[in-house]
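Open the model in your viewer and keep the sequence panel beside it. The stops below say what to select and what to look for.

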Amino acid sequence: MPHDALDLCRTLTYAGHSDWRVPNVRELFSLIDHSRRNPALPPSHPFLGIQIGEPFSSSYWTSSTLVDSMFHAFTVNMERGAVEHHWRGNPAPLWPVRGGQ
């Protein structure tokens, strides 16, 4: 995940909150409904603006990195509901979260 994503979350103020962070792979993957595609989210999900398909990346950054490569981080593909990994320089959207860990 680019350091820009971490910096963005550290400085993000939205909806009156400034304690945003990048979710880990388990947190983001827990949103997936494995019976659905485009997006792979439950039918009544409350999320707006999910980026799916071209020209957008459907894979959202997580804070989880690969053990054997500091240059790759896990992403969750919201189109297919799959965990992937990408080179940290690839562009991908960010889904900031608050609370938990």
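Does Tyr 60 count as buried or exposed? Select Tyr 60 in this predicted model. Its relative accessibility is 4%, so Tyr 60 counts as buried, the cut-off being under 20%.

**Stop 1: the rings**

Keep Tyr 60 selected and add Trp 95. The structure holds three aromatic pairs. Tyr 60 and Trp 95 form one of them, an edge-to-face pair with 5.4 Å between centres and 65° between planes. This pair links distant parts of the chain. Tyr 60 belongs to strand E2 (residues 59-66), whereas Trp 95 sits in the loop between strand E4 (82-87) and strand E5 (97-98). The two residues are 35 apart. Trp 95 also counts as buried, because its relative accessibility is 11%. Now add Phe 47: ring pairs link Phe 47, Tyr 60 and Trp 95 into a cluster.

For another ring, move to Trp 20. Arg 98 lies over the face of Trp 20, at 5.9 Å from the ring centre.

**Stop 2: the sheet**

Switch to cartoon view and select E2, E3 and E4. These three strands form an open sheet in the order E2-E3-E4, with antiparallel pairing. E2 and E4 are the edge strands, each pairing on one side only. From one strand to the next, the twist averages 35°.

Zoom in on E3 (residues 69-77) and E4. They pair in the antiparallel sense over six bridges. Strands of a sheet pair through backbone hydrogen bonds, so show the backbone here. Pick Thr 75: its bridge partner in E4 is Glu 84. Pick Phe 74 next: its bridge partner in E4 is His 85.

Follow the chain through the hairpin of E3 and E4, which has four residues between the strands. Stop at Gly 81, which takes a positive phi near 75°.

**Stop 3: the cores**

Which residues make up the largest nonpolar core? Select Val 25, Leu 28, Ile 32, Ala 40, Leu 41, Tyr 60, Val 76, Met 78 and Trp 95: these nine residues form it. Tyr 60 and Trp 95, the edge-to-face pair from the start, are both members.

Apart from this core lies another, of six residues. Among them are Ala 5, Cys 9, Ala 73 and Leu 94.

Finish on Val 25, one of the nine residues of the largest core. Show what surrounds Val 25, leaving aside neighbours within four places in sequence. Val 25 is in contact with Thr 62, Ser 64, Phe 74, Val 76 and Val 83.

Definitions and conventions: Residues are numbered from 1 along each chain as its sequence is written. This is a predicted model: local features need pLDDT of at least 70, side-chain atom pairs count only at pLDDT 80 or more; totals for chains, interfaces and linings use all residues. Side-chain values use heavy atoms; hydrogens and water are left out. Rings of Phe, Tyr and Trp (its six-membered ring) pair if their centres lie within 6.5 Å; planes under 30 degrees apart count as stacked, over 60 as edge-to-face and the rest as tilted. Buried means under 20% relative accessible area, exposed over 50%, partly exposed in between (1.4 Å probe, protein chains only). A charge sits over a ring if NZ of Lys or CZ of Arg is within 6 Å of the ring centre and within 35 degrees of the ring normal. Two strands pair if DSSP finds at least two bridges between them. Axes are lines fitted to C-alpha atoms, for helices over the stretch in contact, and angles run from 0 to 180 degrees between N-to-C directions. A nonpolar core is a set of buried Ala, Val, Leu, Ile, Met, Phe, Trp, Tyr and Cys residues joined through side-chain atoms within 4.5 Å. Contact means heavy atoms within 4.5 Å.
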